[in-house]
Amino acid sequence: MRNLIFNIQKMFWFSMLLFLGACSKPISLTTAEPTDLVADTILASDYAYNLNVIYFVPNNITPNADYEQRLSKIMIEGQNFYKQWMNYWGFGETTFGLLKNSSNTKIKIHTIHGPGNSSDYSTDAPIKALVDAYFQQNPQEKTSDHYLIITASNKKYDQGETDDHPIPYYGVGRWCYAVDYPGLKYENLGTPGLVGDKATIYIGGLLHEMGHGINLPHNAPSASQKNNPQFGMTLMGSGNYTYGKSPTFLSFYDAATLNNCQVFSKVNKTFYGAVTTTINSILAKVENNEIVVSGTYTSSVPAKHITFRNILDTDAAGYQSVTFTTLPSGNNSFSVRMPVSEFNVKGNMKYTLQIFFHHENGTNTWNNYAYKFVNDQPIVDFGDRDLLSRTGWSIVGVSSEQSGYAAANVLDGNKNSYWHTSWSNATPHPHFIAVKTGANAVTAAGLAIDTRLDNTGNGGKIKDFKIEISNDGANWTQAYTGTMVINGRQYFTFDSPKTFQYFKITSFNDYEGKTFATLAEVNLY
């Protein structure tokens, strides 16, 4: 018996030694995850470039619950929306790139905490500086030249709460800004009342501002699209008030622009280099109740599509602009027929026709031409005139000029350079610029001008003006008085041909009530 007990004890201690020896090595208490679950944590993309999505959190703000899950859903559904319309317009099932998991439930979001309180970030500049610093420190994390920054707010907008300071919500270049609030959910789209309204405004708004960040300007549906339930409202028009609530779509103009966008590319190539485009000839007329425009151009980078964008002077940002997109014709030519019935606003309105080139490197260029509607009928007179030679022409007088924006720019043949009155030592209107037509007098039927070629604002774009002529540069006779439109080449015909050696353009005001005057080119015809 004693031997039996001894043997049992011996076996016990021997087992314990084996156990203790085994425990001296690390022991895993978890089992390996299934391969599909492991793969679902990997964020990947089959696009060469992907949108950089940033969640920005000021120091006094708590990240909203489940923001990664909620925003991932919104962005992935946004991908699907863009893909649907790219496919509809013939560009295939392509969309903007996102790093995401295989089950389409999570995207890559960079969370950046700001050192200041939310009131310190009421404009985009301090946020952009922090985002730039983050990617400079983590260059491997940057996946494209396009950025979406979503700022956290703890205010419950869908319960009537508001912020006491602005939060950036717009697009600037290839950067765009939106806002997250507690409860912002894709599933709330279409919900009755304030919850659904705010979901449309802030989700539709996010995708609208993101559109700006991936190169899209404003544009509206045509009259037939607006009344067609298949289309409704463009996302880049008032889509932030319709998305998820009523029909909303991307226009052909949008799709043609996105087709050349960096984050829509599945191949690595060079994007956004400089492009020079010149319209060499243009003809315009009204025929069979259509505006017909044709012409030729040269460009340093091929254009994949050309859009004819009609912008109301009362809507310079182009929210209501009606667009017609075509392929270039052979030998760098273009032609379009725009039915008057497709315009939403006619009456007695001034328009700019913007001929917008979608270049294959993602850069967009445009040229502007002025026309108008009178009693619902278009008056189109921007077709080419035979301009006089400007050999020997010179500037003989100017009210003021800013360094780098000399009056001589109006005679250099380059629409991208322009005269700008001084802002360093600004003086009020009237402003003037006087030109001598060389050694001899000329006979002209009228004056041709080109406004400053940009869409950044209307300050300095001359509104009311007069033209005076002279044979000695001292005694002047008024030849024309009228109003310029905001954008494009414009022609002002005298009541009869005039012979003179000097002419002077005098501005009385501009379109923003500022003290400046600008012009890009001045000619006679």
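Trainee: Over how many bridges do strand 19 and strand 25 pair?

Mentor: Keep in mind that this is a predicted model. Strand 25 covers residues 521-524. Within this pair, Ile449 stands opposite Val522 in strand 25. Strand 19 and strand 25 run antiparallel, and the number of bridges between them is 4.

Trainee: How many bridges join strand 19 to strand 22?

Mentor: Strand 22 spans residues 489-500 and is antiparallel to strand 19. Leu447 stands opposite Phe492 in strand 22. The bridge count for strands 19 and 22 is 8.

Trainee: How many of the 9 residues of strand 19 are buried?

Mentor: Strand 19 runs over residues 442-450. The rest of the structure largely encloses this strand, because its buried residues number 7.

Trainee: Where is Thr437 found, and is Thr437 buried or exposed?

Mentor: Thr437 sits in the loop between strand 18 (431-436) and strand 19. Its relative accessible area is 5%. Buried means under 20%, so the label for Thr437 is buried.

Trainee: How far apart in space are Thr437 and Gln501, C-alpha to C-alpha?

Mentor: In sequence, 64 residues separate Thr437 from Gln501. Thr437 touches Gln501, and its other contacts include Trp393, Phe500 and Leu524. From C-alpha to C-alpha, Thr437 and Gln501 are separated by 5.3 Å.

Trainee: Which residue has its backbone oxygen 3.2 Å from a polar atom of the Thr437 side chain?

Mentor: Contacts of Thr437 beyond four places in sequence include Val442 and Phe503. The polar partner in question offers a backbone oxygen, at 3.2 Å from the Thr437 side chain. That oxygen belongs to Asn440.

Trainee: In what order do the 3 strands of the open sheet stand?

Mentor: The pairing in this sheet is antiparallel. Strand 8 (277-287) and strand 12 (333-339) each have a single partner strand, so they stand at the edges, and one side of each lacks a neighbour in the sheet. Neighbouring strands are turned by 15° against each other on average, direction ignored. The order is 8-9-12.

Trainee: Which residue in strand 9 does Ile279 stand opposite?

Mentor: Strand 9 covers residues 290-299. Strand 8 and strand 9 pair in the antiparallel sense over 10 bridges. Opposite Ile279 in strand 9 stands Tyr297.

Trainee: What phi does Asn289 have?

Mentor: Asn289 is found in the loop between strand 8 and strand 9. It is partly exposed, at a relative accessible area of 42%. Asn289 is not a glycine, yet its phi is positive, at about 60°.

Trainee: And what is the phi of Asp376?

Mentor: Asp376 lies in the loop between strand 14 (364-374) and strand 15 (377-379). At 39% relative accessibility, Asp376 is partly exposed. Although Asp376 is not a glycine, its phi is positive, at about 70°.

Trainee: How many of the 21 residues of helix 5 are buried?

Mentor: Helix 5 runs over residues 193-213. Its end C-alpha atoms are 30 Å apart, which agrees with the expected span of 30 Å at 1.5 Å a residue. Just after helix 5, Asn215 takes a positive phi of about 90°. The helix is mostly covered, and its buried residues number 15.

Trainee: Is Asn240 buried or exposed?

Mentor: Asn240 lies in the loop between strand 6 (233-234) and strand 7 (248-249). Among the residues that Asn240 touches are Thr200, Ile201, Gly204 and His208. Its relative accessibility is 17%. The cut-off is under 20%, so Asn240 counts as buried.

Trainee: How far is the sulfur of Cys176 from the closest cysteine sulfur?

Mentor: The closest cysteine sulfur is in Cys261. Cys176 is buried, with a relative accessible area of 1%, and Cys261 is buried at 1% as well. A disulfide needs sulfur atoms within 2.5 Å, so this pair is too far apart for a bond, at 11 Å.

Trainee: To what does the count of disulfides come?

Mentor: A disulfide is a covalent bond between the sulfur atoms of two cysteines. Cys261 is in no disulfide. The disulfide count comes to 0.

Trainee: Which peptide bond is cis, with omega near 10°?

Mentor: Look at the loop between strand 17 (419-420) and strand 18, where Pro430 is found. The cis bond leads into this proline: from His429 to Pro430.

Note on methods:
Residues are numbered from 1 along each chain as its sequence is written. This is a predicted model: local features need pLDDT of at least 70, side-chain atom pairs count only at pLDDT 80 or more; totals for chains, interfaces and linings use all residues. Side-chain values use heavy atoms; hydrogens and water are left out. Two strands pair if DSSP finds at least two bridges between them. Helices (H or I, at least four residues) and strands (E, at least two) are DSSP runs, numbered from the N terminus. Axes are lines fitted to C-alpha atoms, for helices over the stretch in contact, and angles run from 0 to 180 degrees between N-to-C directions. Buried means under 20% relative accessible area, exposed over 50%, partly exposed in between (1.4 Å probe, protein chains only). Contact means heavy atoms within 4.5 Å. A polar contact is a pair of N or O atoms within 3.5 Å; within protein, one must be able to donate a hydrogen and the other to accept it, and residues adjacent in sequence count only if both atoms are side-chain atoms. The expected span of a helix is 1.5 Å times one less than its number of residues.
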